[in-house]
Amino acid sequence: MAGQTILVDLNRCVGCWSCAMACKMGNHLDVDEYRMSVRTLGSGGIDEPSGTFPDLHMSWLPVWSKKCTRCPDRQAEGDLPYCVLSCPAHALYLGDVDDPASEAGKKREELTARGFRAYELDEWEDTHANVLYLTPGK
Ligand code: SF4
Ligand code: SF4
C-alpha cells in the first residue's frame, strides 16, 4: 500500500464513536455531516448484537468515506488527524504500513506475527482508499 494509510486494530475497537465525533468537532462539520462512521457488526442496528441470549456477538468497523481529507493541515504541522488522535483504545494508526520503521508499519508487523489477518474494503459503499484492517478473526 502506498503512502499514508490508516491502520485499524479491530481487536481494540470498542465502538465508542470518539473518532467520528472528534472529526466532526475538529473539522467543524454540520450536524448531519460525517467523514467517517462506525458500523456495528451485529444484527443490523447500532449496538445491536447478533445471536440469542446469552450467546450474543457484536463488533465494530470504523469506516472512512471519500469525504475524508486526511486532515492535511494537521499533518503539515506534524499532528495526527483528529480521528486517529482521539481513539481512546489505541486502535488507530497513521503512516506507511510498508515501512517497518513507522508506527503503522510496526503495528502491522506485530499483529501479523500474532496471526491477525489484514484486509481492505473494496470500494465498499464509497469508502476511502488506504485503510488497512487487522483482525484476529477469520
Ligand atoms: S482523517 Fe481527518 S477528515 Fe478524515 S475522518 Fe479523520 S479527522 Fe476526519
Ligand atoms: S476506532 Fe477507536 S475511537 Fe473509533 S470507535 Fe473504535 S475504539 Fe472508538
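## Strand β1 and its partners

In this predicted model, I6 of β1 stands opposite V131 in β8. The pairing of β1 with β8, which spans residues 131-135, is parallel and comprises four bridges.

Strand β1 also pairs with β6, formed by residues 92-95; here the two strands run antiparallel and are joined by four bridges. Within this pairing, T5 is placed opposite G95 of β6.

## Burial of β1

Strand β1 covers residues 5-9, and five of its five residues are buried, so the strand is largely enclosed by the rest of the structure. Burial extends to both faces of the strand. On one side lie T5, L7 and D9, and on the other I6 and V8, all of them buried. T5, opposite G95 in the pairing with β6, and I6, opposite V131 in the pairing with β8, thus belong to opposite faces of β1.

## Surroundings of ligand 1

Ligand 1 has 13 residues around it, of which C23, C68, C71, P81 and C83 come nearest. Helices α1 (18-26) and α3 (82-86) each contribute at least two residues to this shell. By residue class, the shell contains eight nonpolar, three polar and two charged residues.

## Surroundings of ligand 2

Around ligand 2 there are 14 residues, and those that come nearest are C13, C16, S18, C19 and C87. Two or more residues of this shell are given by each of α1 and β5 (59-64). The shell around ligand 2 consists of twelve nonpolar and two polar residues, with no charged residue. Helix α1 is therefore named among the contributing elements for ligand 1 as well as for ligand 2.

Conventions:
Residues are numbered from 1 along each chain as its sequence is written. Chains are lettered from A and ligands numbered from 1 in the order in which they are written. This is a predicted model: local features need pLDDT of at least 70, side-chain atom pairs count only at pLDDT 80 or more; totals for chains, interfaces and linings use all residues. A residue is near a molecule or strand if its C-beta atom, placed from the backbone, lies within 6 Å of it. Ala, Val, Leu, Ile, Met, Phe, Trp, Tyr, Cys and Pro count as nonpolar, Asp, Glu, Lys and Arg as charged, and the others, Gly among them, as polar. A residue is buried if 20 or more other C-beta atoms lie within 10 Å of its own, exposed if 12 or fewer, and partly exposed in between; C-beta atoms are placed from the backbone. Two strands pair if DSSP finds at least two bridges between them.
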